[in-house]
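Okay, thanks everyone for coming. I've got one structure to walk through today, so let me put it up on the screen.

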Amino acid sequence: MSNYLKESVPTHLKNNTFTSGFVSIIGRPNVGKSTLLNSIIGEKIVITSDKPQTTRNRIQGIHNIPGGQIVFIDTPGIHTGRSRLNKSMDEVARSSISGVDLLMLVVEATGAADPAFIHDVLAKVKIPVVLVINKVDLLTDKALVLKKIADWAALFPFKEIVPISAGRNDGVEHLVSVVGGYLPEGPAMFPDDILTDMPEKFIVAEMIREKVFRLTRDEVPYSTAVVVESFIERENGVIAISAAIMIERDTQKGIIIGSKGEMLKKIGTQARQDIERLLDTKIYLELFVKVVENWSERPSKLKELGYE
Ligand SMILES: Nc1nc2c(ncn2[C@@H]2O[C@H](COP(=O)(O)OP(=O)(O)O)[C@@H](O)[C@H]2O)c(=O)[nH]1
Ligand SMILES: [Mg+2]
């Protein structure tokens, strides 16, 4: 058990080579995968919420370290939902297991070790897997961490087991250096000044979608998609953005708009603050609400929205 707690020296620091690789962040919904990616990148590039299934796409965050570059891939949670969108999300999550150099499997410190899940997800996996036990801040008895490590270690030959709190940015730096130690020699895959492979327009749409997830209830978040329809950089540096919030039913329109437009205003204000922080400039944000019946079941719509 104690070898899981050792400090490992990353390969690229042992010799003078450049290390690079792709690392998928996988796990059940809501365990903190997106929070962890933001914590690693040091900026909010992916959205998070206390509702499961917030993340819908595969999003890469690029992290540069001295002598190396690690591309972390955030994924939707692995689950078994029934709608077409759910299936598409599950496929995205599962396909992220192949074609990468290492898997970071994230679990919650408060949950029990889960043999069925490990078997389902890791049965055929040959690449190194690092288990990340997240949300250790929620454990009242810190000694429990050792028991959790032992329980999970009994289920699979994890290369390392690292307890962290992504929400408090605790242990994340150590986790990254541990992961870096398992990556192969190779050149940088992205320029060293970009944080993600996703276009700004996409991230902006996601920031708006996050506010809908956080501020509305019931089925509304899951019925929402956001499309940035125009993104214009003015000469004074201000960026004018116009975006459509798409929902599936007329009845949801009232919830998004709110009485006297209050909800839409709140969504706009909070999203604008995030976008301004990310793009580091002043933003004008204009939001519309559009009803597109059953978009989450329509293949052509899903494609248009980038989900399939
Ligand atoms: N207490 C605590 N909450 C966390 C931590 N990391 C994430 N969360 C919360 O867990 C919820 C799900 O996080 P998210 O990153 O969206 O999970 P994902 O579905 O796995 O991507 C959010 O409410 C986060 O704020 C942590 O280290 N400690
Ligand atoms: Mg997520």
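I'll talk about the ligand and its pocket, and then a couple of backbone oddities in the loops.

One thing up front: this is a predicted model, so please keep that in mind as we go.

Let's start with ligand 1. How many residues surround ligand 1? There are 17 of them, and the closest are N30, G32, K33, T35 and D137. If you sort that shell by class, you get four nonpolar, nine polar and four charged residues. As for where they come from, helix α2, residues 33–41, gives the most to the shell, with three residues.

Now for the backbone around the ligand. G32, which we just met among the closest residues, has a backbone N or O atom sitting 2.9 Å from an oxygen atom of ligand 1. Further along the chain there's G167, where a polar backbone atom is also 2.9 Å from a ligand oxygen. And at A166 a polar backbone atom is 3.1 Å from an oxygen of ligand 1. So how much of the ligand is covered? On its own, ligand 1 has 580 Å² of accessible area, and the protein covers 83% of that.

Okay, the pocket. Ligand 1 takes up the space of the largest pocket, which holds about 350 Å³. Its lining runs to 24 residues, and the ones nearest the centre are N30, V31, G32, T35 and S49. By class, that lining splits into six nonpolar, 13 polar and five charged residues. Helix α2 shows up again here: its three residues are the largest share of the lining.

Last bit, away from the ligand story: backbone angles. Most residues other than glycine have a negative phi. Which way does D218 go, positive or negative? Positive, at about 55°, and D218 is not a glycine. You'll find D218 in the loop between α7, residues 200–215, and β7, residues 225–233. K260 is another non-glycine with a positive phi, near 55°. K260 is in the loop between α8, residues 250–257, and α9, residues 262–279.

That's what I had, so over to you for questions.

Methods:
Residues numbered from 1 in each chain as written. Chains lettered and ligands numbered in written order. Predicted model: local features only at pLDDT ≥ 70, side-chain atom pairs only at ≥ 80, totals over all residues. Heavy atoms only, no water. Near = heavy atom within 4 Å. Polar contact = N/O pair within 3.5 Å; in protein donor to acceptor, adjacent residues only side chain to side chain. Areas by Shrake-Rupley, 256 points an atom, 1.4 Å probe, with all protein chains shown as cover. 1 Å grid on protein atoms, 1.4 Å probe; cavity = no way out; pocket = protein on both sides within 12 Å on 5 of 7 lines; lining within 4 Å. Sits in = over half its atoms within 2 Å of the grid points. Helix = DSSP H or I, 4+ residues; strand = E, 2+ residues; numbered from the N terminus. Nonpolar A, V, L, I, M, F, W, Y, C, P; charged D, E, K, R; others polar. Points joined across faces, edges and corners; volume = space filled by probe spheres on them.
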